Amino acid sequence: MNNYISTFYKSTFKFGGVASRTEYWMSMLQVSVLLLLGTAASAAMVGGSNHPDATLGILMFIWTPVTLATIIAGASIGVRRVRDLGISGYFYLALCFVALIPIIGGVIQLVVLCLPTNSLEGKL
């Protein structure tokens, strides 16, 4: 299995180009599992600590840059995925706002990001 996490973070500021459906979803899966494990470890550290406030402060200091990097990398791979569909990258911004609509917005975003790749010749 390819290591999609390294590609995910290496191309954090690469908004040009395209990302295939497989690259997008495997990156999202691996990053989600990584963040879930990190969150579980953090919760265990805070719960088992004699000084939970100090531990929580240290964890926030560690998790803030990780969270910001993940948000930016997620936006860049989302833009590249939408460009792979043959749509402008700005459509991803509109898709993020649509996702704020309860239930329906998430379904619309899921359907759009699951669409197959279009031919890009002459479209970009």
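A nonpolar core here is a set of buried Ala, Val, Leu, Ile, Met, Phe, Trp, Tyr and Cys residues joined through side-chain atoms within 4.5 Å. Keep that in mind for the views below, which come from a predicted model.

**View 1. The largest nonpolar core has 13 residues.** Among its members, Phe8, Ile77, Tyr92, Leu95 and Leu113 touch the most other members. Two or more residues each come from helices H2 (21–47), H3 (52–84), H4 (90–98) and H5 (104–113). H3 chips in the largest share, with 4 residues. As a bit of background, nonpolar side chains in soluble globular proteins tend to be buried together.

**View 2. Zooming in on Ile77 and what it touches.** Leaving aside residues up to four places away in sequence, Ile77 is in contact with Phe8, Ala19, Glu23, Tyr24, Ser27 and Met28. Two of these neighbours turn up again below: Phe8 is buried at 1% relative accessible area, and Tyr24 is buried too, at 6%.

**View 3. Phe8 and Tyr9 form an aromatic pair.** The count of aromatic pairs comes to 2. In this one, the ring centres of Phe8 and Tyr9 sit 5.0 Å apart with the planes at 85 degrees, so it goes down as edge-to-face, the cut-off being over 60. While Phe8 is buried, Tyr9 is partly exposed, with a relative accessible area of 26%.

**View 4. Tyr24 and Trp25 make an edge-to-face pair.** Here the ring centres are 4.9 Å apart and the planes stand at 90 degrees. Tyr24 is the buried partner, whereas Trp25 is partly exposed, at 30% relative accessible area.

Notes. Residues are numbered from 1 along each chain as its sequence is written. This is a predicted model: local features need pLDDT of at least 70, side-chain atom pairs count only at pLDDT 80 or more; totals for chains, interfaces and linings use all residues. Side-chain values use heavy atoms; hydrogens and water are left out. Buried means under 20% relative accessible area, exposed over 50%, partly exposed in between (1.4 Å probe, protein chains only). Contact means heavy atoms within 4.5 Å. Rings of Phe, Tyr and Trp (its six-membered ring) pair if their centres lie within 6.5 Å; planes under 30 degrees apart count as stacked, over 60 as edge-to-face and the rest as tilted.
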